[in-house]
Structure formats: C-alpha cells, structure tokens
Amino acid sequence: QQYKAEYQKATSAIITATTKSGTNIWQADAFGLFTDEGLSAQELFSAERDEEKPEFDRWQAGASLGGPLIQDELFIFGSYEGNIQDQLTTVNLGATPPTFLNDFADAPGVTVPSDLSTLSGTFPVPFRSHLFFGKLTWQPEVRHTLDLSLNIRDETREGGFGGMTTAQQQEVFDNNVTSAILKHQ
C-alpha cells in the first residue's frame with residue numbers, strides 16, 4: 001500500500017494517534033490491576049533448584065477526566081497511567097568460580113569470591129512508569145480550534161543482568177520526556 005503524500009517516502013510502519021478531548025459533558029473513568037507471586041508461575045530453572053519463589057508485585061492503575069470549562073467553547077481533558085512492577089530474572093553462575101577469574105585475583109581492588117552461589121538466584125528487576133497527559137481545547141467558533149497538549153513520560157527500569165551477568169552489574173535506564181504541542185485549525 002502506498003502511504004499518503006504527508007508521510008513522504010516512508011519505508012516502514014506509520015503510526016498516527018488521535019488524542020481524546022473534553023466535551024460538553026463531564027466524563028471520568030478509572031482502572032486498576034494487581035498481580036503478585038501467587039498469581040504467577042515460578043521460573044522453571046529456579047524451581048528445579050528448589051529455590052524459594054521470590055516476591056513479585058505488579059500494579060497498574062489509571063484514570064481520566066474531561067469536560068467543559070466554558071460550555072460549547074473551552075474544554076479540558078487529563079489522564080494518568082501508572083505501571084509499577086518487579087519483573088524477575090535469573091542469574092546462575094554455578095558454585096565454583098571459573099579458573100580464568102584467578103588471573104584477576106592479584107589485581108588491586110578485585111575480590112574473587114570463593115563461592116559464586118551467593119551471586120546466583122532469581123532477582124527482581126524494578127520497572128516504574130508514570131504517564132501524564134493533559135489537553136486544553138478552545139473553540140471560539142465552529143470552524144476554529146486551538147489545542148494545547150502536554151505529555152509527561154517518567155520511566156525507570158533496572159536491568160541488563162541475568163544468565164551469567166550478576167545483579168551487581170545492573171544498568172539503570174531513566175526515560176524522562178516532557179513535550180507540549182500547540183495546534184491551530
């Protein structure tokens with residue numbers, strides 16, 4: 001399928017989104033979801049090693065509200081969505097350090113543990129996401145609209161470990177984006 005001219009020479013998927021606006025009727029909605037370790041299966045390899053199932057929580061919640069500030073002329077809409085979870089990842093190094101680690105034993109500031117099993121196990125990988133959206137729409141005439149939108153995305157995820165990479169080597173990813181859009185039609 002050929003894309004419309006506004007997308008020029010796009011060679012991959014095009015995603016367009018339309019945001020909700022306030023109307024002449026006040027409307028609100030909300031949702032919530034909770035999951036814990038009692039509602040999720042244990043990872044296969046940690047179960048075979050008879051390890052205890054780690055704690056696990058996942059909370060998702062959101063709400064939106066919209067309506068008129070001035071009937072037929074000025075409208076507001078806002079929403080929030082939160083996602084707070086601890087995913088799981090498994091580190092399995094075995095009990096005995098590999099022999100190549102002995103090459104680093106004399107290096108300054110390096111400690112080679114004699115038992116790697118303390119670094120093995122199933123660990124939580126925290127993820128926190130908070131998404132805010134707000135929109136103010138002014139329609140002074142039937143064919144004249146001015147929209148002001150604000151998006152805030154605040155996300156943090158710890159990860160980058162598992163398998164043969166220990167939790168002490170984790171990476172922390174922060175994604176904080178704020179954008180405002182003013183649109184006139």
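**Group meeting: strands β3 and β4 in a predicted model**

Okay, let's start with contacts: if you take those between residues at least 6 apart in sequence, 63% of them join residues at least 24 apart. Keep in mind that this is a predicted model.

So what's in the fold? The protein has one helix and six strands. Reading from the N terminus, the order is β-α-β-β-β-β-β. There are 185 residues, and 22% of them count as buried. For the surface, we get an accessible area of about 13100 Å², with carbon and sulfur atoms holding 55% of that.

Now, the salt bridges. How many are there? The count is two. Let me take aspartate 86 with arginine 128, where the closest N and O atoms sit 3.4 Å apart. Here you've got distant parts of the chain being linked: aspartate 86 belongs to strand β3, residues 74-91, and arginine 128 to strand β4, residues 121-141, with their positions 42 residues apart in sequence. Is aspartate 86 buried or exposed? It counts as buried, at 19% relative accessibility, and the cut-off for that is under 20%. Arginine 128 is partly exposed, at 30%.

The other bridge pairs glutamate 155 with arginine 153, and the closest N and O atoms there are 3.2 Å apart. Glutamate 155 is buried, with a relative accessible area of 14%, while arginine 153 comes out partly exposed at 37%.

On to the rings. Searching the whole structure gives three aromatic pairs. One of them is phenylalanine 77 with phenylalanine 133, a tilted pair at 6.2 Å centre to centre and 55° between the planes. Again the partners come from distant parts of the chain, phenylalanine 77 in strand β3 and phenylalanine 133 in strand β4, 56 residues apart. Both rings belong to buried residues: phenylalanine 77 has a relative accessible area of 8%, and phenylalanine 133 is at 13%.

Then there's tyrosine 80 with phenylalanine 132. Their ring centres are 5.0 Å apart and the planes meet at 45°, so this pair is tilted too. Where do these two sit? Tyrosine 80 is in strand β3 and phenylalanine 132 in strand β4, so the pair ties together parts 52 residues apart in sequence. As for exposure, tyrosine 80 is partly exposed at 29%, and phenylalanine 132 is partly exposed as well, at 39%.

If you have the structure open, have a look at β3 and β4: the bridge from aspartate 86 to arginine 128 links them, and so does the pair of phenylalanine 77 and phenylalanine 133.

How values were computed: Residues numbered from 1 in each chain as written. Predicted model: local features only at pLDDT ≥ 70, side-chain atom pairs only at ≥ 80, totals over all residues. Heavy atoms only, no water. Helix = DSSP H or I, 4+ residues; strand = E, 2+ residues; numbered from the N terminus. Buried < 20%, exposed > 50% of the residue type's maximum accessible area, 1.4 Å probe, protein only. Contact = heavy atoms within 4.5 Å. Areas by Shrake-Rupley, 256 points an atom, 1.4 Å probe, with all protein chains shown as cover. Salt bridge = Lys/Arg side-chain N within 4 Å of Asp/Glu carboxyl O. Phe/Tyr/Trp six-rings, centres within 6.5 Å; stacked < 30°, edge-to-face > 60°.
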